[in-house]
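Work through the exercises below with the model open beside you. Each task is followed by a stepwise solution.

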Amino acid sequence: MTQPLSYVQHRPDNPWSTYLAQVDRVLPYLGRLAHLAETLRRPKRALVVDVPIELDNGTLAHFEGYRVQHNLARGPGKGGVRYHPDVTLEEVMALSAWMTVKNAAVNLPYGGAKGGVRVDPKKLSIKELERLTRRYTSEIGLIIGPQRDIPAPDVNTNAQVMAWMMDTYSENIGHTATGVVTGKPVHLGGSLGRVKATGRGVFVTGREAARRLGLNLDGARVAVQGFGNVGSAAAELFTGAGAKIVAVQDHTGSIANPGGLDMSELVPQAHREGGIGNFRACESLDNESFWDVDCDILIPAALEGQITAQRAERIRAKLVLEGANGPTSPAADDVLRERGVLVVPDVICNAGGVTVSYFEWVQDFSSFFWSEDEINLRLDKIMVDALRKIWDTADQHRITLRTATFAVACERILMARQERGLYP
Ligand code: NAD
């Protein structure tokens, strides 16, 4: 009797279809819980909102906004907000579902959610961006809240956007509610260590995977796609461990230096100029050649769908660390497995951000704030413990780390679903 969802398109290349294929792969490992798996294939709630704002020139513009709560069996929704001209409902659904899996994989007491606005924020003034953020927050205010669903930064959103979201939600309910979003500025209830937490998690899981592969990080060659919050922080930490960043790509271009790009110059320049395109101390590459670069570790940290089956044939790294969400298609996953390339999947690799977001939320409730060392130590332990359990599961069933992460996480999600029972 279960009807397919009528509001999504099942195109093979869209992120929701990628997520559904990943769920299909985990079914044989769910045992008796597999009969509840349909709950993983359907978002609990998907809100589409109109976001009208007045532009600085006095005209009116309308943007499409979304907030999807994929699953709330284990706790409030948790997941970022993305501003990008290509955002679609299917993309936000997939990102919200990956949050459900990720939060369960590191055993945080959260469900999964995600939001987005279909807008190119680079074309808006700062005042327009603020009006867009405030109106979007008001529209999704129906379903968010510190105990209901807690947004955070994602592509093209940052601490300032979170401050506007927190202020708007607080004004609407009549008191300050710092715990409604995470990734806030530190003096507004934000957490030390949050800005670099996702990159740090990529580094920690990468360090552990490299150790198991017998790959020495000292001198290892690393290529990074996407040099924003996640990619640049991961690159700095790998450099600190002795690795060389031999190639970087972002939306402004691709650059390489087999001797290692100088992170102490590249990171501030990329932040200042909004991209790496004008960096001098390097060779420039054409964008497609980035995938042929000779390296030991590849970190996709941009957008979904970047590692296609065709690119997977050319990747020369031994280890792929998925900083981005959904960068690898299921067909590319198969190619990489056959070629012996180890993939640490997004649903564990980039979980450092949401883990420190959880620390921020806990600190906001108790109004007692931790030191950065304490945060980084706790983050390291959670990531290492989670990866160990996933690795053991992968060894036990002889499956990829992605399917093993789904197995660990989906068992927790479906167990919660079973124990709570079906209402009414
Ligand atoms: P960001 O906006 O800070 O950076 C995005 C980067 O991707 C930029 O360097 C941009 O130039 C690059 N990029 C965009 N389009 C590109 C293209 N077509 N080709 C190459 N590069 C391109 O975003 P972020 O927060 O660093 O997020 C990056 C990825 O990490 C996303 O998939 C996001 O969902 C995921 N992620 C982010 C967090 C977080 O805490 N920010 C947490 C978990 C996962």
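Contact here means heavy atoms within 4.5 Å. Angles run from 0 to 180 degrees between N-to-C directions. Keep in mind that this is a predicted model.

**Exercise 1. Place helix H5 against its sheet**

Task: Find the strands that H5 lies across, and describe the sheet of seven strands.

Solution:
- Step 1. Start with the helix. H5 covers residues 197-213 and lies across E10, E11 and E12. Its angle to E11 is about 165 degrees.
- Step 2. Write down the strand order. The open sheet reads E9-E8-E7-E6-E10-E11-E12, and its pairing is mixed.
- Step 3. Locate the edges. E9 (283-285) and E12 (342-344) each have a single partner strand, so one side of each is left without a neighbour in the sheet.
- Step 4. Add the twist. From one strand to the next, it averages 20 degrees.
- Step 5. Inspect one pair. E10 (residues 297-300) and E11 (residues 319-321) run parallel and are joined by two bridges. Leu298 sits opposite Val320 in E11.

**Exercise 2. Do the same for the five-stranded sheet**

Task: Which strands stand at the edges, and which strands does H3 lie across?

Solution:
- Step 1. Take the order. This open sheet runs E1-E2-E4-E3-E5, with mixed pairing.
- Step 2. Read off the ends. E1 (45-54) and E5 (149-153) are the edge strands; each has a single partner, so one side of each lacks a neighbour in the sheet.
- Step 3. Take the turn between neighbours. Ignoring direction, it is 25 degrees on average.
- Step 4. Check a pair. Four bridges link E3 (residues 77-84) with E4 (residues 112-118), and these strands run parallel. Tyr83 faces Val117 in E4.
- Step 5. Add the helix. H3 (residues 126-140) lies across E1, E2, E3 and E4, at about 145 degrees to E1.

**Exercise 3. Classify a helix pair**

Task: How are H2 and H13 oriented to each other?

Solution:
- Step 1. Recall the descriptors. Two packed helices are described by the angle between their axes and the distance between the axes.
- Step 2. Get both values. The axes of H2 (residues 89-105) and H13 come within 8 Å and cross at roughly 90 degrees.
- Step 3. Apply the cut-off. Angles of 65 to 115 degrees count as roughly perpendicular. H2 is therefore roughly perpendicular to H13.
- Step 4. List the contact. From H2 come Trp98, Thr100, Val101, Ala104 and Ala105; from H13 come Thr405, Phe406, Ala409, Arg412 and Ile413.
- Step 5. Sort by class. The contact has seven nonpolar residues, two polar and one charged.

**Exercise 4. Set a pocket beside a cavity**

Task: What lines the second largest pocket, and what lines the largest cavity?

Solution:
- Step 1. Pocket volume: about 510 Å³ for the second largest one.
- Step 2. Pocket lining: 16 residues, with Thr39, Lys44, Ala73, Arg417 and Leu422 closest to the centre. Strand E2 (60-71) and helix H13 (401-420) are the elements that give two or more residues.
- Step 3. Pocket classes: six nonpolar, five polar and five charged.
- Step 4. Cavity count: one of 30 Å³ or more in the whole structure. The largest cavity holds about 50 Å³.
- Step 5. Cavity lining: among its residues are Phe290, Trp291, Leu298 and Arg316. The classes are eight nonpolar, no polar and one charged.

**Exercise 5. Check the backbone**

Task: Where is Ser367 found, and which peptide bond is cis?

Solution:
- Step 1. Ser367 is found in the loop between H11 (352-366) and H12 (372-397). Its phi is positive, about 50 degrees, although Ser367 is not a glycine.
- Step 2. The bond from Tyr423 to Pro424 is cis, with omega near 5 degrees. Pro424 lies in the segment after H13.

Methods
Residues numbered from 1 in each chain as written. Predicted model: local features only at pLDDT ≥ 70, side-chain atom pairs only at ≥ 80, totals over all residues. Heavy atoms only, no water. 1 Å grid on protein atoms, 1.4 Å probe; cavity = no way out; pocket = protein on both sides within 12 Å on 5 of 7 lines; lining within 4 Å. Points joined across faces, edges and corners; volume = space filled by probe spheres on them. Nonpolar A, V, L, I, M, F, W, Y, C, P; charged D, E, K, R; others polar. Pairing = 2+ DSSP bridges. Parallel < 35°, antiparallel > 145°, perpendicular 65-115°, else oblique.
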